[in-house]
Amino acid sequence: MYISLVRSSHMLACPCSSSTIVKHRAGKSTNRTAFGTTDISKWSRGARHTKTAIQAQERPTWLPGLDPPPHLDGTLAGDFGFDPLGLGEDPASLKWYVQAELVHARFAMAGVAGILFTDLLRVTGISDLPVWYEAGATKFDFASTRTLFFVQLLLMGFVETKRYMDFTNPGSQAKEGSFFGLEAALEGLEPGYPGGPLLNPLGLAKDITNAHEWKLKEIKNGRLAMVAMLGIFVQANVTHVGPVDNLVKHLSDPWHVTIIQTLAGSGS
């Protein structure tokens, strides 16, 4: 009996495959011993449940208790197993989506910061700036709108082309002669993470392979900024004022001017 118990507990403790368990015609998993068979189907189910619970605690997911898809193994920064449409099942597509999310996150962070800063200057009267959604229609004396459009198109097109070429052939844009002798100032650490004194003046995360914490912080803030940008779009479409205007309106009478009233445009 002692040998039987030892063998049964050993099978439950070790992470063995199901091939070590003999299946009988009744469909129950049993453990053969010198004195017959012992039903361990309930024990094995309990062991699997415990193992699953431990794994869930070790790796957080966007929905607690949900098993992440196989192609999201937790190695990517900000990977919480969220891919309900299965867009990242193809490894090549997953690499591109990672870069696309990173770029959109950085644009969103820059956009939210710019909107809040200029809106604050306008509301406080420091500068006579237009509200952010009307800034594109502003006329400048030093150049026409058409000229500014083509200049932006050329500059953004050049930068995005360089970024795509570095994605398809990592390190190719840091080779000598690829950027007017300024390669050292723009040398990338890895695709999506530019370096050098121009794009990384503070020298953060120079060892990019061990900078998982920095990557995680950036992508978390970027995702928050994308949600904030969506909220700013909706708020501007409903109330036709800037985000700082809405905040001031709410703080002036917080018990009557609620967020819902502000979004509905009915706050007094």
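The largest pocket of this predicted model has a volume of about 1,200 Å³. Its lining is made up of 40 residues, and those closest to the pocket centre are Arg-106, Gly-192, Tyr-193, Pro-194 and Leu-199. A reader tracing the walls of this pocket will meet several elements that each give two or more residues to the lining: the helices H3 (91-123), H4 (145-168), H5 (183-186), H6 (196-199) and H7 (212-239), together with the strands S4 (188-190) and S5 (193-194). Helix H4 provides the largest share, namely seven residues. Sorted by class, the lining of the largest pocket holds 23 nonpolar residues, eleven charged residues and six polar ones.

Next comes the second largest pocket, with a volume of about 710 Å³. Here 28 residues form the lining, and Leu-76, Leu-94, Val-98, Glu-101 and Arg-223 are the closest to the centre. Two helices, H3 and H7, each supply at least two residues of this lining. Helix H3 gives the most, with seven residues. The lining of the second largest pocket divides into 15 nonpolar, seven charged and six polar residues. Helices H3 and H7 are thus worth keeping in view, for they appear in the lining of the largest pocket and also in that of the second largest pocket.

From the pockets, attention can turn to a single loop residue. Thr-61 is found in the loop that runs between helix H2 (41-58) and helix H3. Is Thr-61 buried or exposed? Its relative accessibility is 17%; since buried means under 20%, Thr-61 counts as buried. A polar atom of the Thr-61 side chain lies 2.8 Å from the backbone oxygen of Leu-63. Leaving aside residues up to four places away in sequence, Thr-61 touches Leu-66, Pro-68 and Phe-80.

The last stop is helix H8, which spans residues 243-252. Which residues of H8 are buried? They are Pro-243, Val-244 and Asn-246. When H8 is viewed down its axis, the buried residues fall within an arc of 160°, and therefore they line one face of the helix. Turning the model until the axis of H8 points towards the viewer is a good way to look for this face.

Key. Residues numbered from 1 in each chain as written. Predicted model: local features only at pLDDT ≥ 70, side-chain atom pairs only at ≥ 80, totals over all residues. Heavy atoms only, no water. Buried < 20%, exposed > 50% of the residue type's maximum accessible area, 1.4 Å probe, protein only. Helix = DSSP H or I, 4+ residues; strand = E, 2+ residues; numbered from the N terminus. Arc of directions from axis to C-beta. 1 Å grid on protein atoms, 1.4 Å probe; cavity = no way out; pocket = protein on both sides within 12 Å on 5 of 7 lines; lining within 4 Å. Points joined across faces, edges and corners; volume = space filled by probe spheres on them. Nonpolar A, V, L, I, M, F, W, Y, C, P; charged D, E, K, R; others polar. Polar contact = N/O pair within 3.5 Å; in protein donor to acceptor, adjacent residues only side chain to side chain. Contact = heavy atoms within 4.5 Å.
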